[in-house]
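Me: I am new to this structure and would like a close look at a single part of it, with the terms explained along the way. Please take the helix that I name below, and then show me what lies around it and elsewhere.

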Amino acid sequence: MSYQVLARKWRPRNFAEIVGQEHVLKALINALDNDRLHHAFLFTGTRGVGKTTIARILAKSLNCENGVSSKPCGNCSACLEIDAGRFVDLIEVDAASRTKVDDTRDLLENVQYAPSRGRYKVYLIDEVHMLSNHSFNALLKTLEEPPPHVKFLLATTDPQKLPVTVLSRCLQFNLKRLPVSLIEAHVGHILDSENVRHESPAVGLIAAAADGSMRDALSILDQAIAYCGGNLQEAEVRTMLGTIESSYVSSLLEAVVNKNGKLLMETLARLDELAPDYELVLSDIASCLQRLAIVKAVPGMLPEFTDLQDLHALSELLEAEDVQLFYQIAILGKRDLQLSPSPRAGFGMTLLRMMAFTPPSPESKSWQVSLPAERGDKTGGSNSFPDASRGTVPANPPSGNKTAEWREPDWIGLVESLEIRGAAQQLALNCVYRSREGNILCLELDSVHEHMATEQLIKRLEDAISRYFGETLKLRIQPADGELATPAKQDAQRQEERLKAAQAAIISDPKVRELCETFGTQVNPQLIKPLD
């Protein structure tokens with residue numbers, strides 16, 4: 001006998017064998033057992049979650065020779081023929097290949113006739129969203145007032161493409177993506193039943209790779225059994241899927257956070273030897289950062305993760321806002337992989353981008369300050385602070401427990417010197433300093449960013465300024481609608497000037513102009529970016 005793939009061999013034959021989707025099964029079982037059957041059912045959901053399978057079991061329940069019930073016998077001729085796909089009164093149609101209105105009319109011309117064998121004539125239309133508008137119009141009248149012996153079972157992965165007139169005439173069931181734990185348990189049960197040796201971590205990898213689809217899980221399982229020679233081991237399954245061990249993710253993030261470029265390059269080299277799927281690796285990094293954000297927000301929330309110790313170690317090195325930034329970089333890095341010279345290069349650049357935005361730790365931070373020196377100051381050197389607006393590099397301020405003496409600050413230089421980053425730093429960069437009244441510093445905030453002036457961020461900024469000057473200082477922040485020369489606006493203006501200069505230099509370049517004249521084209525200024 002020829003080999004039957006697992007997805008077909010283990011396809012559920014009744015509602016009890018279906019994994020998950022309890023919210024759908026409960027409604028269908030009650031409807032069947034209480035004889036409250038609608039004439040049209042619409043099953044929606046992503047691929048491989050059971051839409052067509054449930055529709056076929058429903059057709060079996062409607063036509064079982066033992067009567068309509070939620071538990072078809074599975075042994076009568078109707079049940080056996082439906083399982084074999086040759087029941088004459090179950091008309092299965094792939095709408096993707098029959099989109100024309102004539103196809104729909106041909107399909108419906110026999111609706112008026114009674115079923116040949118079964119109790120109901122059942123039309124199962126898969127991927128129904130692929131029908132044309134004219135086809136939907138042809139279907140609509142029959143769908144609205146079908147004969148009592150006809151049931152419509154529609155399935156689609158994209159219900160938004162269905163006309164509302166069709167949706168309103170169907171009983172809709174939205175099938176959910178299956179959780180990894182449920183897929184893992186079912187795959188393990190199949191392996192035990194098939195007497196296939198396996199390691200639990202290997203089953204977990206297959207379940208995660210299925211992305212919520214049981215059919216995909218069984219297809220991957222078939223491939224894994226063949227690849228591993230009937231003995232599923234974690235290392236071999238990882239190689240087959242192109243995934244990596246979680247220790248690589250932890251090592252990469254640790255190198256990024258510590259700004260250890262040498263360690264990062266060494267880890268990348270070892271990773272490159274495994275020839276991984278770099279898009280999947282970025283997904284693993286993003287997943288780790290997502291769990292890390294939860295660990296920081298609610299410690300002890302993820303006891304089921306085996307790498308929780310590594311997560312806690314990383315959480316000590318990163319602020320919550322940095323985790324969010326790294327997560328965003330990882331997600332955008334996945335999008336940019338196809339634009340990079342190679343996936344390996346794009347992956348490396350994503351990590352280097354994270355490192356570039358990693359703030360220095362307080363112990364190794366190169367402090368920069370731009371406070372003006374008092375008149376008559378004889379110390380010079382480190383106490384002679386240049387003007388930051390001229391782009392000069394300020395001298396290093398006192399470190400350790402030493403603090404800076406109060407002077408009317410140059411706000412840009414002061415912000416650069418404080419132990420803040422993330423949202424608190426953005427709040428400071430969108431303010432301007434006005435005056436000091438006692439122990440209160442009066443600031444004005446660009447009204448566009450008024451939402452940033454939360455109690456938490458103001459407290460962080462107050463604490464940082466107080467630590468710097470060695471005295472308790474409070475902030476009074478007033479929103480202002482006028483044009484404020486905030487550090488953020490000054491930086492944006494400088495960037496705009498650099499961009500305009502770069503655009504002007506390219507457009508006026510003689511060789512560029514010659515190329516434009518030769519090929520009859522012109523430069524798109526929006527594609528010009530200044531060099532960092």
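What follows is my request and one connected reply. Where does helix α3 lie, and which residues of α3 are buried?

Reply: Some ground rules come before the helix. This is a predicted model, in which local features need pLDDT of at least 70 and side-chain atom pairs count only at pLDDT 80 or more, while totals for chains, interfaces and linings use all residues. Residues are numbered from 1 along each chain as its sequence is written, and side-chain values use heavy atoms, with hydrogens and water left out.

As a setting for the helix, the protein has 22 helices and 10 strands; helices (H or I, at least four residues) and strands (E, at least two) are DSSP runs, numbered from the N terminus. Of its 532 residues, 41% count as buried, where buried means under 20% relative accessible area, exposed means over 50%, and partly exposed lies in between (1.4 Å probe, protein chains only). The accessible surface comes to about 28,900 Å², and carbon and sulfur atoms hold 50% of that surface; such areas come from the Shrake-Rupley method with a 1.4 Å probe, and for residues only the protein chains shown count as cover. Among contacts with a separation of 6 or more, 72% are between residues 24 or more positions apart, contact meaning heavy atoms within 4.5 Å.

Helix α3 covers residues 51–63, and its 13 residues reach 19 Å from the first C-alpha to the last, close to the 18 Å expected at 1.5 Å a residue; the expected span is 1.5 Å times one less than the number of residues. Because 12 of its 13 residues are buried, α3 is largely enclosed by the rest of the structure. The buried residues are Lys 51, Thr 52, Thr 53, Ile 54, Ala 55, Ile 57, Leu 58, Ala 59, Lys 60, Ser 61, Leu 62 and Asn 63. Their cover includes the helices α2 (22–33) and α4 (77–84), together with the strands β1, β2 (90–94), β3 and β4.

Thr 52 gives a closer view of this helix, since that residue is found in α3 and is buried with a relative accessible area of 16%. Leaving aside neighbours within four places in sequence, Thr 52 is in contact with Arg 11, Leu 124 and Asp 126.

Strands that cover the helix also carry aromatic residues, and the structure holds 5 aromatic pairs. Rings of Phe, Tyr and Trp (its six-membered ring) pair if their centres lie within 6.5 Å, and planes under 30 degrees apart count as stacked, over 60 as edge-to-face and the rest as tilted. Phe 43 and Phe 173 form a stacked pair, with 5.8 Å from centre to centre and 20 degrees between the planes. Phe 43 lies in strand β1 (residues 40–44) and Phe 173 in strand β5 (residues 171–174), so this pair ties together parts that are 130 residues apart in sequence. Phe 43 is buried at a relative accessible area of 0%, and Phe 173 is buried at 10%. The rings of Tyr 123 and Phe 152 have centres 5.4 Å apart and planes at 25 degrees, so they too are stacked. Tyr 123 lies in β3 (residues 121–126) and Phe 152 in β4 (residues 150–156), so parts 29 residues apart in sequence are tied together. Tyr 123 counts as buried at 2% relative accessibility, and Phe 152 counts as buried at 0%. Phe 41 joins Phe 43 and Phe 173 in one aromatic cluster.

Elsewhere in the chain, an open sheet of 3 strands has the order β8-β9-β10, with mixed pairing; two strands pair if DSSP finds at least two bridges between them. Its edge strands are β8 (431–437) and β10 (474–480), each of which pairs on one side only. Strands β8 and β9 (residues 440–446) run antiparallel and are joined by 6 bridges. Within this pairing, Cys 442 of β9 is the bridge partner of Ser 435, and Glu 444 of β9 is the bridge partner of Val 432. The hairpin of β8 and β9 has 2 residues between the strands, and Gly 438 takes a positive phi near 70 degrees there.
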